[in-house]
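Let's walk through this structure together, starting with a single helix and then turning to the place where two chains meet.

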Amino acid sequence: VAQSKTLETVMGLIADVCAVDAGTVKPEGKLLAFGIDSVRLLDLILAIEDRYGLELSESDPELGALETVRDLAALVERRLEAHR
Amino acid sequence: VAAELARSEVEVELARCERNEEFPEELVTRLRQLDLPLLFAAAPGPEITTTYHIHTLNALAAQRSASLAITLGITGLALLPAYLAATDDQLARIRERVLAGGQVAMLLSEWQRGSNLAGTETRGERGHIDGGAFRPIAPGQPAGHYRITGEKQLINLVRRADLLMTLVRTGEPAPGSLGRAGGLTMLLVERDGTVENLPRWRTLPAPAADIGGARFSGTLVPAERRIGEEGEGFRLVQSALTLSRGGIAAFASGTASRACGLAFAYASERAPYGEPIARLEPIAEHLARMAALDLAVTCVSLRAAAAANALGLRAAHQTAVAKLVACDLAERAVTEGRAVLSARALLHEHPYQQVVRDVILYGIFDGTRHVMLDQIAWRARQMCRPGAGAEAVQVYREPPARLDRSARRRGRPWLPRPSETAAALAELPGDVDVAPLAMACRALEAALAGVDADTWARPSFAFAIAASWADLEAALAVAELGDPTRRAALGMTAMPAADLPQPDLAELAVALIAGEALMSARRILAGAGVDLPLAPERELAIMEHRAGARVRGAVQANN
């Protein structure tokens, strides 16, 4: 349940930061398809940090390797677990 | 420093250096002896290493020449990664070196890769020193030293700097689609014999600046000179450029003010028809527009400084807007002045030729025009979404903060809707009528909310709209800071009194910039099948006509 809630929140943040309709953000959607590149990723990271009070390191190789919305939500979930 | 820069001998000295393409060695040495390095040292005590102080230096120096401005300003830029991420011990060591006279350069670009920093090829091989020799180590093991090999080009002051803030590749990019910018690290290199200076470039603007290259041939850098973490270099550069963009706007502001001063002085003295040409209506018209544009560049630059001071990296949108608009409007101001000076503007013997050359320089710094437009379009799109909006932040009331503190403030970019800013301004006492501007902001936001994703995805559409959007935000900055009453209500100190009536000048700037922004947006939107109502444009045109006549009349009366 916790993971699906994180996934939902991350989908909302992507819709918000990328200014796309929430309905178009699907778990298997590719991050690149929403216009997220290495520069815009920073805005998304800041939005996630803001929402969860986490600090994500942009140097984290896992972050660079993300492909889909679900990958990102899973990473956030792992970081939240580690933070607890 | 300001007093030294104001001396008329300095102008003569700089003009000679520029003519001979000579670095202004003596002037720079004198300024350094006046404790200029204190401005960058982030030392405890009076807070002078702040966004406001550095932007002020940029603007004052640019009023003299771009060569001088970028020579002095580079230290603030090159130290930004340190203000952002250096440890206390590192900052203390840097402070010591800077106060002892050490000069700093920022080494990012490479000849083949240009603005593509993710493609950086200069390598920082990881290893450690064993028996006096460098031994490479496997990924994953902590590095004790880095060995740099490669070449950086088109770098300001690199040939004279002792400390080289250098972006290098210490690892491969991450495998995924977003990992392209991974593997980059920032190192603060102490110059030694393995760093070779490459020839100086001759440049059209800033001909007295020392812009060249450097080649590293196995330069060894201890790990304690790494700024931030390994692999964090791209993010550090992005963050540094986010903050430095406001400083570029300050450069543009200095050049626009110098152009304005030269054009007004010329027009009040030149009298080929028996009276000063400033009294002629067409010339007074150019001068009025020029003064309005100069005021706008000042306001947009100051707004960015205030936002960066108060919000740090959250001011990414405000600094991008300032950099784009200040450079564009300064170029327009200089063009207006060319119409006043005519042939004199192109003579090597007249100082105006210097601003004609200098003003084209700033737009290429710290992210090209296209990079700014891309970021502004993207964020404008966020602001147009239903329910979008940001909390009210009193950025002007925040006291100047030391850069190693203000720069580290991070969070989501601050994106207040222009219509909300305009509505808040209307609540404050003021002499500039903000109603037409508020109407313009609402109209553009409403029209853009109806644009589909495919249209936004076209750069030709998004970039043109971003330019209009940024201009509207510039007009808001003028309504905030160019109107003395509203400026005081926002908590800002007064600007020096000008010869021209400031509320009229501000109203002219607002109407001119916002009116043209709407006209351009309407054309682009029409191509996308979206209508932008004509009413706000009409209101702004009336405002421009009335305020323009008052300012023009004042220009003629003063001469």
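**One helix, then an interface**

In this predicted model, helix H2 of chain B buries Val10(B), Glu13(B), Leu14(B), Cys17(B) and Glu18(B). Seen down the axis of H2(B), these buried residues fall within an arc of 135°, so they line one face of the helix. The background is familiar: an α-helix has 3.6 residues a turn, so residues three or four places apart point the same way. On the other side of H2(B), Ser8(B), Val12(B) and Arg19(B) are exposed.

What do the buried residues of H2(B) pack against? Their partners are helices H1 (2–6), H3 (25–33), H5 (66–78) and H11 (352–358) of chain B. The length of H2(B) can be checked too: at 1.5 Å a residue, its 13 residues (8–20) should span 18 Å, and the end C-alpha atoms are 19 Å apart, which agrees. After H2(B) comes Glu21(B), with a positive phi near 55°.

Now for the interface. Chain A brings 32 residues to the contact and chain B brings 26. The area buried between the two chains is about 2500 Å², with carbon and sulfur atoms giving 54% of it. On the chain A side, Ser38(A), Arg40(A) and Asp43(A) lose the most area to chain B, together 22% of what that side buries.

Between chain A and chain B there are 4 salt bridges. Arg412(B) and Asp16(A) meet through their side chains in a salt bridge, at 3.1 Å from N to O. Helices H1 (2–18), H2 (40–52) and H3 (61–64) of chain A each supply at least two residues of the side that touches chain B. H2(A) gives the most to that side, with 9 residues.

Key: Residues numbered from 1 in each chain as written. Chains lettered and ligands numbered in written order. Predicted model: local features only at pLDDT ≥ 70, side-chain atom pairs only at ≥ 80, totals over all residues. Heavy atoms only, no water. Helix = DSSP H or I, 4+ residues; strand = E, 2+ residues; numbered from the N terminus. Expected span 1.5 Å × (residues − 1). Buried < 20%, exposed > 50% of the residue type's maximum accessible area, 1.4 Å probe, protein only. Arc of directions from axis to C-beta. Contact = heavy atoms within 4.5 Å. Buried area = accessible area lost by both parts, 1.4 Å probe.
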